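Welcome, and thanks for opening the viewer. Could you give me a short guided tour, telling me what to select next and what I will find there?

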Amino acid sequence: MTAPKLRFATVWLAGCSGCHMSFLDLDEWLFELAKHVDIVFSPVASDIKTYPEQVDVCLVEGAVANADNLDLALQLRQRTRLVISFGDCAVTGNVPALRNLWAEVDGGSRQSVLDRGYLELADRGAQHPHAPGIVPELLERVLPLHEVIPVDLFLPGCPPSAERIRACLEPLLRGERPELTGPDLLRFG
Amino acid sequence: MTRTITIDPVTRIEGHAKITLHLDDDGRIADARFHVVEYRGFETFCEGRPFTEMAGITARICGICPVSHLLAAAKTGDKLLAVQPPPAARKLRRMLNLAQICQSHALSFFHLSSPDFLLGWESDPAQRNVFGLMAADPELARAGIRLRQFGQQVLELLGGRKIHSAWAVPGGVRTPLSAEARQWILERLPEARATVALALELYKKLLDGPLQHEQRCFGDFPSLFMGLVGPGGRWECIDGLIRFIDSDGLIVADDLSEDDYASFLGEAVESWSYLKFPYYKPRGYPDGLYRVGPLARLNVCEAIGTPWADAELAEFRQRSGTAASGGRVVTSSFAYHHARLVEIVACLEGIEQLVADDSLMEGRIRARASLNAHEAVGVSEAPRGTLFHHYKVDDDGLITRVNLIIATGQNNLAMNRTVVQIAREFISEPVAAEAEIPEPLLNRVEAGIRCFDPCLSCSTHAAGQMPLRIELRSADGALLAARQRQ
Ligand code: SF4
């Protein structure tokens, strides 16, 4: 008897997609993965637009930096059994959170980065992009995922190598909880 | 009643985007817009950090093309030190970029875009992806996965890791190519060549048949094209000077230096996107629309310089070149896909030449100096087009100002024009007030964006005018030469 396939999702928030690229670096092992999971939502491997119900496992790349990131994080938590902070941006905020250093300056981090990008370094039409419902507002502080929703597992690395991702996924496919210990699985960077 | 239909998120592209379709009172397509909805603000938070950290930080702009940022940062660093990297280092950097373009193009073709035309525009959206391709045609999918792996593995052999290596540095590279790495590359090259030959054959067959329609209406319009070219106008990916041509194949500007980018590139802001709209300044906004990336590089060059790639380039032009240009220039944005396959050939042949070159294994690979200039601009051809890094530093080498012009952003005007053209072509009948637009039609609009293989994590960065002063100093700090532009 074969076990039912896991409903598997990947999501990117504020990151560089490097963690997803590392996931694709699983290369031919992806065939093995496909025997055990259905990809029900993924920016790189699905055209499904709405995060589905009853997802078993979700890898979440990236920090929470804007209103869309926040909405999706809340939604996926409600609909997912096991949420994994996938990579340093999700785990700590990492590079996107460097912007928080500007939180204390006049106007705060959001205004600082928008002023620089869209007022000072523009030749025409200088303005902060603003289109309600289309262009999401930046949050004042960039947050790691677990500050926004409860997270079940942390998989650090910038990005986590394909070997590390596999070491995390293999036990899950067997129905076990991965033991992420030791420098091979836990080092940042 | 006017109506807006939103495609959110655009999938199988790299980064966060939405598309809106705007219907007029009669339910006809009045406009379509491509919105980029992320922004991280690198230009701000790089300030105050040592310029030597820039490679590590800016690589984190993008996990698909970190190498482009690594190289642009290293080249900017070369100029801040006022050194020339040793010849072997320059060749090794070139190999790194060729490997990256190969893996990134393989990803775009096999993983992201080909499901549209191999599985079908109308196929189940839950299956229309790389996993669907793995199920439908496992051998082709495996070959594509292994072609991307080839490129990624060369990156790891050179830089120690596949993603975000810190191998290229101001002055050169950190480690030489090992004999084992050279051997591995030689052994895997034939398979990589066979895979791209297979993909070209498959693609050309589709182009002769069902894809003619897409080729005709996926962003086919006249525009300028920009890219680096080497001596004699040869195809170039890292060194070289900037050339603009128009759709008739006439050279509009040539031998431009990256140092002067702000004199010919401007950027506009629109309220509805975090992605700015670069334009060719002499033609103004938005008439200064230009395209960059694989299609542009093939359009601006005279030749690639390796036999198979040149044969493919000739066929590419003969198949798709416009009559107005005498077959010299290809204007359909759909041809980006074909151009990517031709460039993979160029990369594989380029890597093959480099691994056969014994001088790669000789001599120094890093020139050392301390800070000799306060400002510099570095350029590289990223898989998606020309990338500029511009830094200003203080006496301690701490960054005081950063400007990045990212490849994808430069296609923003063209991407918007492309989605309008596709929407008008495929949604030509009025849409009734309550009616939904069928998913396969919406997918075609999205696929117009996939042609450009946009990298949106990369692209939401600032660009624009900064007063520029470049100084060349000798090792003891004496000013040898300076050039200034306000
Ligand atoms: S953790 Fe690193 S690789 Fe992953 S998204 Fe963040 S910057 Fe990119």
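Is Leu92(B) buried or exposed? Select Leu92(B) and you will find that it is buried, with a relative accessible area of 0%; the cut-off for that word is under 20%. Keep in mind throughout that this is a predicted model.

**Stop 1: around Leu92(B)**

Colour helix H4 of chain B, residues 87-119, and you have the element that holds Leu92(B). Now show what touches this leucine, skipping its neighbours within four places in sequence: the contacts are Leu158(B), Trp167(B), Val173(B), Thr175(B), Pro176(B), Leu177(B), Leu360(B) and Ile365(B). Put a distance label between Leu92(B) and Leu360(B): they are 268 residues apart in sequence, yet their C-alpha atoms are 7.1 Å apart in space.

**Stop 2: the ligand**

Next, select the ligand, which lies between chains A and B. Turn on a cavity display as well, since the ligand sits in the largest cavity. Two elements give two or more residues to the shell around the ligand: helix H1 (18-24) and helix H4 (88-92), both of chain A. Take care with the labels here, as this H4 belongs to chain A, while the H4 of the previous stop belongs to chain B.

Which residues come nearest to the ligand? Of the 14 around it, they are Cys16(A), Cys19(A), Cys89(A), Cys158(A) and Arg60(B). If you colour the shell by residue class, you should see five nonpolar, six polar and three charged residues.

**Stop 3: a cis bond beside the ligand shell**

Stay with Cys158(A), one of the nearest residues to the ligand, and step along to Pro159(A). The peptide bond joining Cys158(A) and Pro159(A) is cis, with omega at about -5°. Pro159(A) has its place in the loop between strand E7 (153-155) and helix H6 (162-173) of chain A.

Chain B has a cis bond to show you too: go from Tyr285(B) to Pro286(B), where omega is near 0°. Pro286(B) lies in the loop between strand E10 (277-280) and strand E11 (290-291) of chain B. These are worth a look because most peptide bonds are trans.

**Stop 4: positive phi in chain A**

Most residues other than glycine have a negative phi. Select Ser17(A), whose phi is positive, near 75°. Ser17(A) is in the loop between strand E1 (6-12) and H1 of chain A, and it is buried, with a relative accessible area of 1%.

Then select Gln54(A), which is not a glycine but has a positive phi of about 55°. Look for it in the loop between strand E2 (37-41) and strand E3 (55-61) of chain A. Is Gln54(A) buried or exposed? At 65% relative accessibility, Gln54(A) counts as exposed.

**Stop 5: zoom out to chain A**

Finally, show chain A as a cartoon and count seven helices and seven strands. Following the sequence, the pattern is β-α-α-β-β-β-α-β-α-α-β-β-α-α. The radius of gyration of chain A is 18 Å, close to the 16 Å that the globule rule gives for 189 residues, so chain A is as compact as a globular protein of that length. Its C-alpha trace spans about 60 × 35 × 30 Å along the principal axes.

Colour chain A by accessibility, and 61% of its 189 residues count as buried. As for contacts in chain A between residues at least 6 apart in sequence, 77% join residues at least 24 apart.

Conventions:
Residues are numbered from 1 along each chain as its sequence is written. Chains are lettered from A and ligands numbered from 1 in the order in which they are written. This is a predicted model: local features need pLDDT of at least 70, side-chain atom pairs count only at pLDDT 80 or more; totals for chains, interfaces and linings use all residues. Side-chain values use heavy atoms; hydrogens and water are left out. A residue is near a molecule or strand if one of its heavy atoms lies within 4 Å of it. On a 1 Å grid over the protein atoms alone, a cavity is a set of points where a 1.4 Å probe fits but cannot get out, and a pocket is an open set with protein on both sides within 12 Å along at least five of seven lines; lining residues have an atom within 4 Å of a point. A molecule sits in a cavity or pocket if more than half of its atoms lie within 2 Å of its grid points. Helices (H or I, at least four residues) and strands (E, at least two) are DSSP runs, numbered from the N terminus. Ala, Val, Leu, Ile, Met, Phe, Trp, Tyr, Cys and Pro count as nonpolar, Asp, Glu, Lys and Arg as charged, and the others, Gly among them, as polar. The radius of gyration is taken over C-alpha atoms; the globule rule is 2.2 Å times the number of residues to the power 0.38. Buried means under 20% relative accessible area, exposed over 50%, partly exposed in between (1.4 Å probe, protein chains only). Contact means heavy atoms within 4.5 Å.
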